[in-house]
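The report below describes a single protein chain for a reader who is meeting it for the first time. Please look at the sequence and the structure first, and then follow the text with both at hand.

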Amino acid sequence: MGIRSFFAKPFARKVVKKHQKSHAQAIQIQENWLKNNLKKAEQTIFGQAYEFDKIRNYLEYKIRVPIAEYEDLKTYIDEMVLGSPNILWPGKPAYFAKTSGTTSGAKYIPISKESMPFHITGARDALLHYVHYSGNSAFLDQKLIFLSGSPELESKHGIPTGRLSGIVNHHVPSYLRSNQLPSYETNCIEDWEEKLEAIVQETIQQRMGLISGIPPWVQMYFDRLETLSGQKIGDLFPDFQLFVTGGVNFEPYRQKLMDSIGREIDVVETYPASEGFIAFQDSTGEEGLLLNVDGGIFFEFVPTDTYFTATPKRLMLSEVQLGVNYALLMSTNAGLWSYSIGDTVKFVSLNPFRIVVTGRIKHFISAFGEHVIAEEAVRAMAEALKACPESSLVEFTLAPQVNPSAGELPYHEWLVEFAQAPQDPTRFQAVLEASMTAQNIYYKDLITGKVLQPLKLTILKPNAFIDYMKSQGKLGGQNKVPRLANDRVIANGLGR
């Protein structure tokens, strides 16, 4: 047992107890974060505009402070990017996390000196919970790889700016630096394919214990390793014990990744965002991710069926219910206020508070009033893969076909890239359809009412999604393919 794995276990016990205590007092801790963040920001431009000094409780807060998407805060953030202090949070941000926006171009999410540590401790605590409950810490003595964005940062009027994963890379604890891969120089390569090749060459002879990254890009890494070595990943890296992932629902990718590894390994899921570290998997035996209730963030939850109404219903943690889809709002110690990050979540436990990510509030198909959401599509795909076990998935997306061929009814098109196609695509398609009609009564009514015809499965050529993401300049890193859309931009961009 190495020194890292030896000291990890007592530290893990301490961290687990801390989170258990936090969740026993979760409601009070959340109220304290709202109070503390408001107090800290009273004298900012935003705080004065919304009279933070007069807010005494959550009811008064949601009356005074509206739900905000990025476009609503853009004027304030633009001033911060220009170097103005005391806008949304005291002083200037420590960093800007630069993300891709669909309506606003590039987005600049402020990270303060107060919020930065929580981005690090969230990921750390996920690993330590795994160590505590599994008893396995040996992977910490092997090489660890984090497939992430470039750590090179640009300056926006003196404020370091870059991808969140690149910013976090600068804060990896010193005790992990000596066994962290890839090298800094390799990590700085911007072109994903060139970077991937360099990562493969650096790691193919190493003793990898932990691999972390977004599933589709990790799969590309695995595929290249298999091609060069002729071995399954689990044989190439016999010490490989833990896969850490985040940012997408892991289940659609599980089978293909495990097939590449050649054996089952443990998986820890995390829920990081540029706005804050939201949740992490604290137990491999329980569904959902533990909400990071003591991480600098005050959370609000809006039932999705009210989100686009004139009076969205806003709830704090004490008011949530199991099984309801909520849009997630965050008020952070970096100066975001009732900020909608665009994700939807559902509680699967209230003691402690655990969530699953169900999709994106604006990623749905409702071209005909059906309001199909990502959670339904992912579940249908999982059922179809289970019914056709010889098949394995690379990626998929959905789009409506509003203007079909003459004489045809409109339909939903499922565009799927398989690693191994089903032997009976008709059966696969039928299971998808049966699952969707069972889950979504509106969709079922449209089918039975002959407004829509049953969905159609389009099997894409190999590398269709990689080629599409490359054409959009979004290959690799933290980029993800949207599951659902109300238009056919992605569908038309994918080759047939």
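The protein holds 19 helices and 20 strands, where helices (H or I, at least four residues) and strands (E, at least two) are DSSP runs, numbered from the N terminus. This is a predicted model, in which local features need pLDDT of at least 70 and side-chain atom pairs count only at pLDDT 80 or more, while totals for chains, interfaces and linings use all residues. Residues are numbered from 1 along each chain as its sequence is written, and side-chain values use heavy atoms, with hydrogens and water left out.

**Overall form**

With 496 residues, a compact globule would have a radius of gyration near 23 Å, and the value for this protein, 23 Å, agrees with that; the radius is taken over C-alpha atoms, and the globule rule is 2.2 Å times the number of residues to the power 0.38. Along the principal axes, the C-alpha atoms fill a box of roughly 65 × 60 × 45 Å. Of the 496 residues, 54% are buried, a term that means under 20% relative accessible area, with exposed meaning over 50% and partly exposed in between (1.4 Å probe, protein chains only). The protein exposes about 21,300 Å², and carbon and sulfur atoms supply 51% of this area, as computed by the Shrake-Rupley method with a 1.4 Å probe, where for residues only the protein chains shown count as cover. Among contacts (heavy atoms within 4.5 Å) between residues at least 6 apart in sequence, 68% join residues at least 24 apart.

**Nonpolar cores**

A nonpolar core is a set of buried Ala, Val, Leu, Ile, Met, Phe, Trp, Tyr and Cys residues joined through side-chain atoms within 4.5 Å. The largest such core has 57 residues, and those with the most contacts inside it are Y271, I278, L291, F301, L317 and W337. Helix α5 (residues 70–81) gives this core its largest share, 6 residues. Leaving aside residues up to four places away in sequence, Y271 touches ten named partners in the model, among them F277, I278, L289, I341 and V357. A second, separate core of 42 residues includes W217, L225, M469 and L494.

M469 also belongs to helix α18 (residues 464–471), whose buried residues are A464, F465, I466, Y468 and M469. The cover over these buried residues includes α11 (215–229), β18, β19 and α19 (489–493). Just after α18, G473 takes a positive phi of about 70 degrees.

**The sheet of β18, β19 and β20**

Two of the strands that help to cover α18, β18 and β19, belong to an open sheet of 3 strands in the order β18-β19-β20, with mixed pairing. Because β18 (392–401) and β20 (456–459) stand at the edges, each with a single partner strand, one side of each is left without a neighbour in the sheet. The twist averages 25 degrees from one strand to the next. Here two strands pair if DSSP finds at least two bridges between them. In β19, the bridge partner of P400 is H412. Helix α13 (residues 251–261) lies across β18 and β19 and runs at about 155 degrees to β18, where axes are lines fitted to C-alpha atoms, for helices over the stretch in contact, and angles run from 0 to 180 degrees between N-to-C directions.

**Strand pairs**

The table sets out four of the pairings.

| Strands | Sense | Bridges |
|---|---|---|
| β18 and β19 (residues 411–420) | antiparallel | 9 bridges |
| β3 (residues 143–146) and β7 (residues 208–212) | parallel | 4 bridges |
| β3 and β6 | parallel | 2 bridges |
| β4 (residues 154–156) and β5 (residues 159–162) | antiparallel | 3 bridges |

Strand β3 appears with two partners: K143 has M208 of β7 as its bridge partner, whereas I145 stands opposite L181 in β6. Q180, which lies in β6 (residues 180–181), is buried, with a relative accessible area of 12%, and touches L144, F146, N169 and V172 when residues up to four places away in sequence are not counted.

In the loop between α6 (116–134) and β3 lies D141, which is partly exposed, with a relative accessible area of 25%. The C-alpha atoms of D141 and I3 are separated by 7.8 Å, although these residues are 138 residues apart along the chain.

Strands β4 and β5 form a hairpin with 2 residues between them, and H157 in the turn has a positive phi of about 50 degrees. Within this hairpin, K156 stands opposite I159 in β5.
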